[in-house]
Amino acid sequence: MLQIVYQKIQKYQFLFEELVKRDFKKKYKRTVLGMAWSVLSPMLQLLVMRIVFTQFFGRGMAHYTTYLFSGNIVYSYYRESTNAGMNSLMSNAGIISKVNVPKYMFLLSKNVSSIINFSLTLIVFFIFAAIDGVTFGPHFLMLIYPILCLIVFNCGVGLVLSALFVFFRDINYIYEIFTLLLNYMSAIFYTVDGYPPIIQRLFLCNPLYCYIKYFRIIVLDGDIPSLQFHLLCAFYAAIMIAIGAYFYKKYNHKFLYYM
């Protein structure tokens, strides 16, 4: 399947590149600071969250700024990527109705733009981690693993959402509430250490929490997660992309009738 997708992208390489450029330029159109917002936005969010939550959850906790930032950047990337993916078909309805191209290319172009923004934010995260006194080492290279899993997972979620959004416009409002709930359920600004072991294991049912936890194990604990944890992260990514591919394969021929 991946080979087929790769071949399709190669075939429509020019269109794919233009879509990525258009999405990236559109995000910062008519802004004074332009791409600088990719850096400023997470910094300002972190500042607000630190002021609000430090006195309630981070008091006495070492490297709380890094702990908070690691959760926030993963969540923000997930939210940006999936929200953009959800609108990828409808925002390109004019092109889809006139040109016969694989529809998932519009979703992938949105994800590339989100990955670029996430990469810029990640640089800021490393700077803050260094200022916070976090020890860097070769184990940081393992961060590539959860990032790759998250990219695949986000694409899967985006495939499902974009398909549903074609048929049900209400999904936009429902998903907004869901992401708000997910924010509170992913232990971004609090720790789960105080909960009973059974509750801590229930948090692992949340894929986003698993990817955030992976980041924190590498950055804050200076350790590498277990093999079982690696498999769990890969499982969530694989099952989500499989569900997304199923949705597209089943409803692909119906999209044009609802656009």
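This briefing walks through the helices of the chain, how α7 packs against its partners, and a few individual residues. The model is a predicted one. Its secondary structure amounts to twelve helices and zero strands, so let us start with the overall picture and then move to α7, where several of the helix contacts meet.

**The chain as a whole**

- Following the sequence from start to end gives the pattern α-α-α-α-α-α-α-α-α-α-α-α.
- Of the 259 residues in the chain, 46% are buried.
- If you take the contacts between residues at least 6 apart in sequence, 76% of them join residues at least 24 apart.

**Helix α7 on its own**

- Helix α7 covers residues 144-167, and its 24 residues reach 35 Å from the first C-alpha to the last.
- That reach is close to the 34 Å expected at 1.5 Å a residue.
- Because 18 of its 24 residues are buried, α7 is largely enclosed by the rest of the structure.

**α7 with α11**

- Helix α11 runs over residues 227-251, and its axis comes within 8 Å of the α7 axis, with a crossing angle of roughly 25 degrees.
- An angle under 35 degrees counts as roughly parallel, so α7 is roughly parallel to α11.
- The crossing of α7 past α11 is left-handed.
- Sorted by class, this contact holds 23 nonpolar residues, four polar ones and no charged ones.
- The 25 residues of α11 should span 36 Å at 1.5 Å a residue, and the end C-alpha atoms are indeed 36 Å apart, so the two values agree.
- The buried residues of α11 include F229, H230, C233, Y236 and A237; further along the helix, M240, G244, A245, F247 and Y248 are also among them.

**I241, a residue of α11 that reaches α7**

- I241 is part of helix α11.
- With 26% relative accessibility, I241 counts as partly exposed, since the buried class requires a value under 20%.
- Setting aside residues up to four places away in sequence, I241 touches V152, C155, G156 and L159.
- I241 and C155 are 86 residues apart in sequence, yet their C-alpha atoms are 6.6 Å apart in space.

**α7 with α6**

- Helix α6 spans residues 104-131, and its axis comes within 10 Å of the axis of α7, crossing at roughly 140 degrees.
- This time the crossing is right-handed, with α6 passing α7.
- On the α6 side, the contact is made by Y104, L107, L108, N111, I115, F118 and L122.
- On the α7 side, the residues are I147, I151, N154, C155, G158 and L159.
- Ten nonpolar, three polar and no charged residues make up the contact of α6 with α7.

**α7 with α8**

- The axes of α7 and α8 lie 9 Å apart, and the two helices pack at an angle of about 145 degrees.
- From α7, residues V157, L161, L164 and F165 meet I171, N172 and Y175 of α8.
- By class, the contact of α7 with α8 has six nonpolar residues, one polar residue and no charged residues.

**Y78, in α4**

- Y78 belongs to helix α4, residues 64-86.
- Its relative accessible area is 4%, so Y78 is buried.
- Leaving out neighbours within four places in sequence, Y78 is in contact with F153, N154, V157, Y175, F178, L182 and L208.
- Y78 and T179 sit 101 residues apart along the chain, while 9.3 Å separates their C-alpha atoms.

**N183 and A187, at α8 and the loop that follows**

- N183 lies in helix α8, which covers residues 171-185.
- A relative accessibility of 18% means that N183 counts as buried, given the cut-off of under 20%.
- Beyond residues up to four places away in sequence, N183 touches Y75, I188 and F189.
- A187 is found in the loop between α8 and α9, the latter being residues 197-203.
- A187 has a positive phi of about 55 degrees, although it is not a glycine.
- A187 is buried, with a relative accessible area of 1%.

Notes: Residues numbered from 1 in each chain as written. Predicted model: local features only at pLDDT ≥ 70, side-chain atom pairs only at ≥ 80, totals over all residues. Heavy atoms only, no water. Axes fitted to C-alpha atoms, helices over the stretch in contact; angles between N-to-C directions. Helix = DSSP H or I, 4+ residues; strand = E, 2+ residues; numbered from the N terminus. Parallel < 35°, antiparallel > 145°, perpendicular 65-115°, else oblique. Left-handed = near helix turned anticlockwise from the far one by under 90°. Nonpolar A, V, L, I, M, F, W, Y, C, P; charged D, E, K, R; others polar. Expected span 1.5 Å × (residues − 1). Buried < 20%, exposed > 50% of the residue type's maximum accessible area, 1.4 Å probe, protein only. Contact = heavy atoms within 4.5 Å.
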